[in-house]
Amino acid sequence: MTDQPTTDRPVRVMVVDDHPMWRDAVSRDLAEAGLDVVATAGDGEEAVRRARACSPQVVVLDLNLPGLSGAEVCRQVVAQDPAVRVLVLSASGEHQDVLEAVKSGATGYLVKSAGRDELLDAVRRTAVGDAVFTPGLAGLVLGEFRRLASEPAPASAPAAPQLTARETEVLRLVAKGLSYRQIADRLVLSHRTVQNHVQNTLGKLQLHNRVELVRYAIEQGLDDGI
């Protein structure tokens, strides 16, 4: 089941791409589907400025931009507003590009061969906190997180914050890749309650998004045993 935003207000989206025809086509598809396209941008600097001005919920971002790279745009946009979620929409499916985007703060990654319905679903899921990837790329990202988690932690690493039993239970399911709606169904909770548990956990762990949360869960071995 696909998660939907829990508010009646349309999702606020910004589209960033240096090709005007592609940018206009994506914006039109999103608007026709009922999403609120609050801004578009054709280069990196413009994207950062407009994201600050219009506060989108989701930024649909190309990586190959004039001026600032897409990855740097992602870093700056997320730094200035940790609540914003970035969905990369790129012609490149190269592993290095995918990993750089995720490490820069992107929540998801689609290649431009994705269909219209796939893009619309990805934007809506990104808005409610899901990590959405073109098939085959999610495993790549999880594999990289597992590799990083296997590296020795710094000697000065602080003690992990204490999570409640329910927060830990939700975190385990997040690490398994379940959507918030699926977690709610599994635990017989409301979608809003699951979102609240995730937001509380992000705050305790001083993390910014679901991708960072998955990495933390894997580091703690919470993706095993379910």
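In this predicted model, five strands form an open sheet in the order β2-β1-β3-β4-β5, and the pairing between them is parallel. The edges are taken by β2 (36-41) and β5 (108-111), each of which has a single partner strand, so one side of each is left without a neighbour in the sheet. On average, neighbouring strands of this sheet are turned by 20° against each other, direction ignored.

Within the sheet, strand β3 (residues 58-61) and strand β4 (residues 85-90) run parallel and are joined by 4 bridges, and V58 stands opposite R85 in β4. Helix α3 (residues 70-80) packs on the sheet, where it touches both β3 and β4, and the direction of α3 makes about 170° with that of β3.

The nonpolar interior can be followed from here. The largest nonpolar core holds 30 residues, and the members that touch the most other members are M14, V16, V59, L61, V86 and Y109. For V59, once its neighbours within four places in sequence are left aside, the contacts are with M14, V16, V77, V84, R85, V86 and L87. A second core, separate from this one, is made up of 21 residues, including A184, V194, V198 and A217.

Three of those names lead on to a pair of helices. Helix α8 (residues 180-187) and helix α9 (residues 191-205) have axes that come within 8 Å and cross at roughly 110°, which makes α8 roughly perpendicular to α9. On the α8 side the contact is made by Y180, R181, I183 and A184, while α9 contributes H191, V194, Q195 and V198. By character, the residues of the contact of α8 with α9 divide into 5 nonpolar, 2 polar and 1 charged. A184 of α8, together with V194 and V198 of α9, thus appears in this helix contact and is also listed among the members of the second core.

For the protein chain as a whole, the secondary structure comes to 10 helices and 5 strands. Of its 226 residues, 46% count as buried. Among contacts in the protein chain between residues at least 6 apart in sequence, 67% join residues at least 24 apart; the contacts of V59 with M14 and V16, on the one hand, and with V84, R85, V86 and L87, on the other, give a local view of residues brought together from separate parts of the sequence.

Conventions:
Residues are numbered from 1 along each chain as its sequence is written. This is a predicted model: local features need pLDDT of at least 70, side-chain atom pairs count only at pLDDT 80 or more; totals for chains, interfaces and linings use all residues. Side-chain values use heavy atoms; hydrogens and water are left out. Axes are lines fitted to C-alpha atoms, for helices over the stretch in contact, and angles run from 0 to 180 degrees between N-to-C directions. Helices (H or I, at least four residues) and strands (E, at least two) are DSSP runs, numbered from the N terminus. Angles under 35 degrees count as roughly parallel, over 145 as roughly antiparallel, 65 to 115 as roughly perpendicular and the rest as oblique. Contact means heavy atoms within 4.5 Å. Ala, Val, Leu, Ile, Met, Phe, Trp, Tyr, Cys and Pro count as nonpolar, Asp, Glu, Lys and Arg as charged, and the others, Gly among them, as polar. A nonpolar core is a set of buried Ala, Val, Leu, Ile, Met, Phe, Trp, Tyr and Cys residues joined through side-chain atoms within 4.5 Å. Buried means under 20% relative accessible area, exposed over 50%, partly exposed in between (1.4 Å probe, protein chains only). Two strands pair if DSSP finds at least two bridges between them.
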